[in-house]
Amino acid sequence: MPSNAEKYNVMQSMALGWSQAFEMLHNSGIRCVLAHGWTERTDPEFVELVQEWQDRNGLDPDGFFGPNSWERYKTMRHGLLERSQTILAGGLHVPIYLDGVQVRHDPAMALTKHRADSREKARVIVHWGGWNVGSCHRFLEQGGKSSHFLVGDGEVYQCVDLSRRGIHAKGWNGGSVGVDICRTPRIDLMHRTEGQHIQRNTTGRGPEECLSIPEGVAETARTLLGALAPMLGLVFEYHGHDVMDDRDIKAGGVLGHHNTDAMKWDVAPWAGSIWP
Ligand SMILES: [Zn+2]
């Protein structure tokens, strides 16, 4: 029979959100989230580890990993990490190495606005929107939408905690990470853009001509996706210009919005610049 502390910890791991971060990062072999090799939040060993840790940190060593312990734990971790090279998952700053890219976090990080995602993140869905990170953020906000990451030239802006659900891909928000590339391919908006030229679009998705993706933005997207995919246990490969079967979408990967929605042509013409 599980002890009261064990039962309490299972409940709190969901209420406080550390269950998501724990499982996601544990599954992908990243053990940095919970220190001291905590491997199972439900087992008696975990309760003992919590007690030791609480004792070391001047908390009542009851083995109940609740709000006070969680806040203390997060504060400790935050103090240890360089925030410009972390992403937020389950309320924790998790280190990520993005060479030459600055990572910023939305100060109003939508932990309260977005529901917890009960599904494990099985896919990344790549979109485009806006002319830069700021305009993309406004555009999403005004439309009541949200992506986890906005990609600019040399910068990544995180808007939604990785353990939460964004609102970016109809029918596929659960279990997905949304990434918005902050440039538009639309020629009718050309006067707004920099570093782009007109390219032919032979993908069969969208108009026959569109604007290219600037190399700096493409490189930033490749850097983010290249780091994010292995973290989530996904392979960073292209799935073609067509809409995929539901079964294949469920199987996961790094997809473009055009792969999940017949009405969208998001990133198909830029695929060669974004995917390896
Ligand atoms: Zn889209």
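1. Val-267 sits in the loop that runs between helix H8 (257–260) and helix H9 (271–274). The model is a predicted one. Val-267 adopts a positive phi of about 65°, although it is not a glycine. This loop residue is also buried, because 29 C-beta neighbours lie inside 10 Å of Val-267 and 20 or more are enough for that label.

2. On the overall make-up, the protein has nine helices and 10 strands. It is 276 residues in length, and 40% of them count as buried. Among contacts with a separation of 6 or more, 63% join residues that are 24 or more positions apart.

3. Helix H5 covers residues 133–142, and its buried residues are Val-133, Cys-136, His-137 and Leu-140. Viewed down the axis of H5, these buried residues fall within an arc of 100°, so they line one face of the helix. Arg-138 and Gln-142 are exposed and belong to the face of H5 turned away from the buried side. The cover over the buried residues of H5 includes three strands: E5 (149–151), E6 (155–158) and E7 (176–181). Just after H5 comes Gly-144, with a positive phi of about 65°.

4. The largest nonpolar core is made of 45 residues. Val-124, Val-126, Leu-150, Val-151, Val-179, Ile-181 and Leu-224 have the most contacts inside this core. Helix H6 (residues 215–232) is its greatest contributor, giving seven residues. Apart from this core lies another one, of seven residues, including Val-50, Trp-53, Phe-64 and Phe-65.

5. Leu-150, one of the residues with the most contacts inside the largest core, deserves its own entry. Leaving aside residues up to four places away in sequence, Leu-150 touches Val-133, Cys-136, His-137, Tyr-157, Cys-159, Asp-180 and Cys-182. Val-133, Cys-136 and His-137 are among the buried residues of H5.

6. Leu-162 is another loop residue to check, placed between E6 and E7. Is Leu-162 buried or exposed? Leu-162 is buried, because 25 other C-beta atoms lie within 10 Å and the label calls for 20 or more. With residues up to four places away in sequence not counted, Leu-162 touches Ile-87, Leu-88, Ala-89, Lys-121, His-148 and Val-177. As for Ile-87, 75 residues separate it from Leu-162 in sequence, while the C-alpha to C-alpha distance between the two is 8.0 Å.

Notes:
Residues are numbered from 1 along each chain as its sequence is written. This is a predicted model: local features need pLDDT of at least 70, side-chain atom pairs count only at pLDDT 80 or more; totals for chains, interfaces and linings use all residues. A residue is buried if 20 or more other C-beta atoms lie within 10 Å of its own, exposed if 12 or fewer, and partly exposed in between; C-beta atoms are placed from the backbone. Helices (H or I, at least four residues) and strands (E, at least two) are DSSP runs, numbered from the N terminus. The arc is that of the directions from the helix axis to the C-beta atoms. Two residues are in contact if their C-beta atoms, placed from the backbone, lie within 7 Å. A nonpolar core is a set of buried Ala, Val, Leu, Ile, Met, Phe, Trp, Tyr and Cys residues joined through C-beta atoms within 7 Å.
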